[in-house]
Amino acid sequence: MQPQTEEQKVDYRPLGISGLGGWLVLVQIGLYLTMIMVLVQLFQYSLTALNPGTWEILTSDQSSFYHPWWGAIIIFEVTYNVLFFIFSIVTLVMFYRKKSVFPRLMIIFYSISLAVSIIDYLLLLQIPIARELEDGSGLTGIVRLVITCAIWIPYFIKSERVRNTFIR
């Protein structure tokens with residue numbers, strides 16, 4: 001086979017719609033909002049719970065607020081928030097670089113969000129005071145994530161725009 005000349009080289013362009021427009025604009029906005037919300041969660045709640053005074057109140061068996069699950073839940077949430085923030089950045093970079101791995105990353109993104117929310121909710125229900133303070137917002141958040149997954153995961157599997165855009 002002979003090498004192609006400049007005139008013979010064909011620039012591959014996918015047929016059909018492609019590019020970071022359409023519904024992918026909402027995905028982009030969602031990634032930025034997720035990063036902001038994770039940072040807020042991390043600094044307002046998770047890191048506050050690691051404050052020595054708060055940590056002592058929740059994890060010391062001398063405290064009236066003590067429960068053996070508090071320490072594990074706090075560490076779980078801090079670890080998740082830090083790792084998920086990093087994962088969000090990586091996912092956003094793959095989005096702008098139009099990498100073929102991006103649709104899989106988004107499916108993982110939505111799936112992990114749902115799974116961790118369910119696990120966190122169930123763990124918090126094990127603590128009597130947390131269960132008493134539960135106002136239904138935890139369950140509402142899980143339902144919202146189920147709906148989000150039901151919409152966006154099939155989109156990333158079936159969308160022509162996704163298939164034609166993330167090809168590198």
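## Helix packing, cores and the largest pocket

Phe156 is in contact with Leu24, Val27, Phe102, Pro103, Met106, Ile107, Tyr110 and Val162, leaving aside residues up to four places away in sequence. These contacts, like every value below, were computed from a predicted model. Phe156 is also among the residues that touch the most other members of the largest nonpolar core, together with Leu24, Val27, Phe102, Met106 and Tyr110. This core holds 29 residues. At least two of its residues come from each of H1, H3, H4 and H6, and H4 makes the greatest contribution, with eight residues. A second core, separate from the largest, consists of 10 residues, including Leu42, Ala49, Trp70 and Ile73. As a general tendency, nonpolar side chains are buried together in soluble globular proteins.

Helix H4 spans residues 102-124 and comprises 23 residues. The distance from its first C-alpha to its last is 32 Å, close to the 33 Å expected at 1.5 Å a residue. Its buried residues are Phe102, Pro103, Leu105, Met106, Phe109, Tyr110, Ser113, Leu114, Val116, Asp120, Tyr121 and Leu123. In an α-helix there are 3.6 residues a turn, so residues three or four places apart point the same way. The buried residues of H4 pack against four helices, namely H1 (24-49), H3, H6 (137-158) and H7 (160-165).

Ser113 illustrates a buried position in helix H4. Ser113 counts as buried because its relative accessible area is 10%, under the 20% cut-off. Apart from residues up to four places away in sequence, Ser113 touches Tyr80, Phe84 and Leu145. The C-alpha atoms of Ser113 and Leu31 are 12 Å apart in space, although the two residues are separated by 82 residues in sequence.

Helix H6 has 22 residues, which should span 32 Å at 1.5 Å a residue; the end C-alpha atoms of H6 are 32 Å apart, so the two values agree. Within H6, the residues Gly141, Ile142, Leu145, Cys149, Trp152, Ile153, Tyr155 and Phe156 are buried. These buried residues pack against H1, H4 and H7. Leu145, buried in H6, is one of the residues that Ser113 touches.

Gln28 is located in helix H1. Its contacts include Phe95 and Tyr96, once neighbours within four places in sequence are set aside. Gln28 and Leu92 are 64 residues apart in sequence, whereas their C-alpha atoms lie 7.5 Å apart in space.

The largest pocket has a volume of about 1700 Å³. It is lined by 47 residues, of which Gln41, Glu77, Asn81, Ser117 and Asp120 are the closest to its centre. Asp120 is also one of the buried residues of H4. Six helices, H1, H2, H3, H4, H5 (128-133) and H6, each supply at least two residues of the lining. Among these contributions, that of H1 is the greatest, at 14 residues. By residue class, the lining divides into 28 nonpolar, 13 polar and six charged residues.

Two loop residues were also examined. Ser60 is situated in the loop between helix H2 (52-59) and helix H3 (69-96). Because its relative accessibility is 13%, Ser60 counts as buried. Trp55 and Tyr66 are in contact with Ser60, again not counting residues up to four places away in sequence. Lys98 belongs to the loop between H3 and H4. With a relative accessible area of 25%, Lys98 is partly exposed, since this class covers values from 20% to 50%. The phi angle of Lys98 is near 55 degrees, a positive value in a residue other than glycine. In general, most residues other than glycine have a negative phi.

Definitions and conventions:
Residues are numbered from 1 along each chain as its sequence is written. This is a predicted model: local features need pLDDT of at least 70, side-chain atom pairs count only at pLDDT 80 or more; totals for chains, interfaces and linings use all residues. Side-chain values use heavy atoms; hydrogens and water are left out. Buried means under 20% relative accessible area, exposed over 50%, partly exposed in between (1.4 Å probe, protein chains only). Contact means heavy atoms within 4.5 Å. The expected span of a helix is 1.5 Å times one less than its number of residues. A nonpolar core is a set of buried Ala, Val, Leu, Ile, Met, Phe, Trp, Tyr and Cys residues joined through side-chain atoms within 4.5 Å. On a 1 Å grid over the protein atoms alone, a cavity is a set of points where a 1.4 Å probe fits but cannot get out, and a pocket is an open set with protein on both sides within 12 Å along at least five of seven lines; lining residues have an atom within 4 Å of a point. Grid points are joined across faces, edges and corners, and a volume is the space filled by probe spheres set on the points. Ala, Val, Leu, Ile, Met, Phe, Trp, Tyr, Cys and Pro count as nonpolar, Asp, Glu, Lys and Arg as charged, and the others, Gly among them, as polar.
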